[in-house]
Amino acid sequence: MSTNNKAETFLVQIGNQKNETHHAISTPLYFSTAYRHDKIGVEEGYSYTRTGNPTRTVLEEAIAKLEGGDQAFATSSGMAAIHLVFSLFEKGSHFISSRDIYGGSFRLFNVLQEKYDFEFSYWDGEDEADISELIKTNTKAIFIETPTNPLMQTANLQKVSAIARNHHILHIVDNTLYSPYIQRPIDEGADIVVHSATKYLAGHNDVLAGLVIVKGKQLTEELAFLHNSIGSVLSPYDCWNLIRGLKTLALRMNQHEINARTVKRYLESHPLVTAVYYPGRSGMLSFELTEEALVEPFLKALNIFTFAESLGGVESFLTYPTTQTHGDIPEDVRLSYGLSNRLLRASVGVEHPDDLIADLKQAFERVSRLEVKTI
Ligand SMILES: *Cc1c(COP(=O)(O)O)cnc(C)c1O
């Protein structure tokens, strides 16, 4: 298939017209871990699934094209993808990371710091020029999450890439919250993109998966070696399931965005909401209630929004970062950069927006009655 097609067409066609044997439309699922060789010393096609699997290849080739990279690596989770990337660096390396990041990434960075002598400096996400001041002689990469999670700050990736290039260090972007349908960091100069494909890419809360997409021959070779050596690869079934999810990425992202904009407008006008953070695209937004005491009853009162810890699926979720996704970040650190105990993060799904608003409305009404009672 031509790579000049629009993203919508490319996504829907993933895997179609690849199967020469039976002309299957849906990508065949190869469970076989071992592959027959015809001769000694001839390495052709596949040999062992950790090294390569035909179902995984369909996924990896598709996502590499979607992100504008040279090669992609499918991993067993988003964290495995981030860990794979950090296994590129020697002990004693220094990194600069966005301050407001996924709690699991922060936790991994702490492990790397304690056990492998990695050092991390955190950038507050305000002015890209400040990143230069954090660079040291042993700095190896800048790790950016944009939009950030959960405060939805966006970074100018071109500016960050220019700084990385000037200092001959790598620029790594976690593109989970936008997906390549909205943002292609490699086009903006990034070297490596990582994903929790568990979220928007798979889209149905039924696949745990990660992806690393890379530009450049040397990085491709190093990551291929490490992917196979470490072995946290994605199973063929999950590759297949992720391909299935990707086909509707564009449809889903468009509806997520329409719904999120509607929810944003509603929340902004509500007296029990003091702030709404929306990055401008996708279905992610966060908002602050007037009081921490309202969080629990509000979550209990909702019928459509599910109180759950993930994002990017077709179902609408509300997450409480304080105890869930960001529970591993010390409270004083969280509060210092604005992640308050009154903050709720919404992953707005693809239900009818009227029903979502009605659900929020009835929950707010119940909570305000409670408020009156306690006073
Ligand atoms: C969920 C998430 C991760 C971790 O991915 P898993 O698939 O849960 O391992 C990393 N980064 C971001 C932004 C996430 O939302």
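Which pocket is the space taken by the ligand? I looked this up before anything else and found that the ligand takes the space of the largest pocket. I note here that the model is predicted.

**Entry: the ligand shell**

I listed the residues around the ligand and got 15, of which Gly 78, Asp 174, Ser 196, Thr 198 and Lys 199 come nearest. Sorted by class, this shell holds six nonpolar, six polar and three charged residues.

I then went through polar contacts made by side chains. Asp 174 places a side-chain N or O atom 2.7 Å from a nitrogen atom of the ligand. For oxygen atoms of the ligand I noted two entries: a polar side-chain atom of Ser 196 lies at 2.8 Å from one, and an N or O atom in the side chain of Lys 199 is 2.8 Å from one. How much of the ligand's accessible area does the protein cover? I wrote down 93% of the 380 Å² that the ligand has on its own.

**Entry: the largest pocket**

I took the volume of the largest pocket next, and it is about 310 Å³. Its lining has 24 residues, and Gly 78, Met 79, Tyr 102, Ser 196 and Lys 199 are the closest to the pocket centre. Gly 78, Ser 196 and Lys 199 had already come up among the residues nearest the ligand.

Which helix and which strand each supply at least two residues of this lining? I found helix H3 (78–86) and strand S6 (192–196). By class, I put the lining of the largest pocket down as eight nonpolar, 11 polar and five charged residues.

**Entry: enclosed space**

I searched for cavities of 30 Å³ or more and the count came to one. The largest cavity has about 40 Å³ of space. I recorded its lining as Ser 98, Trp 123, Gly 125, Glu 145, Thr 146, Thr 148, Gln 153, Thr 154 and Ala 155. The classes in this lining are two nonpolar, six polar and one charged.

**Entry: backbone**

Where are the cis peptide bonds I noted, and what are their omega values? One runs from Thr 146 to Pro 147, with omega near -5 degrees. Another joins Asn 149 and Pro 150, and there omega is about 15 degrees. I placed Pro 147 in the loop between strand S4 (139–145) and helix H6 (157–166), and Pro 150 is also found in the loop between S4 and H6. Checking back, I saw that Thr 146, which precedes the cis bond to Pro 147, is among the residues lining the largest cavity.

I also looked at phi. Asp 117 is not a glycine, yet its phi is positive, at about 60 degrees. I located Asp 117 in the loop between helix H4 (103–116) and strand S3 (119–123).

Technical notes: Residues are numbered from 1 along each chain as its sequence is written. This is a predicted model: local features need pLDDT of at least 70, side-chain atom pairs count only at pLDDT 80 or more; totals for chains, interfaces and linings use all residues. Side-chain values use heavy atoms; hydrogens and water are left out. A residue is near a molecule or strand if one of its heavy atoms lies within 4 Å of it. A polar contact is a pair of N or O atoms within 3.5 Å; within protein, one must be able to donate a hydrogen and the other to accept it, and residues adjacent in sequence count only if both atoms are side-chain atoms. Accessible areas come from the Shrake-Rupley method with a 1.4 Å probe; for residues, only the protein chains shown count as cover. On a 1 Å grid over the protein atoms alone, a cavity is a set of points where a 1.4 Å probe fits but cannot get out, and a pocket is an open set with protein on both sides within 12 Å along at least five of seven lines; lining residues have an atom within 4 Å of a point. A molecule sits in a cavity or pocket if more than half of its atoms lie within 2 Å of its grid points. Ala, Val, Leu, Ile, Met, Phe, Trp, Tyr, Cys and Pro count as nonpolar, Asp, Glu, Lys and Arg as charged, and the others, Gly among them, as polar. Grid points are joined across faces, edges and corners, and a volume is the space filled by probe spheres set on the points. Helices (H or I, at least four residues) and strands (E, at least two) are DSSP runs, numbered from the N terminus.
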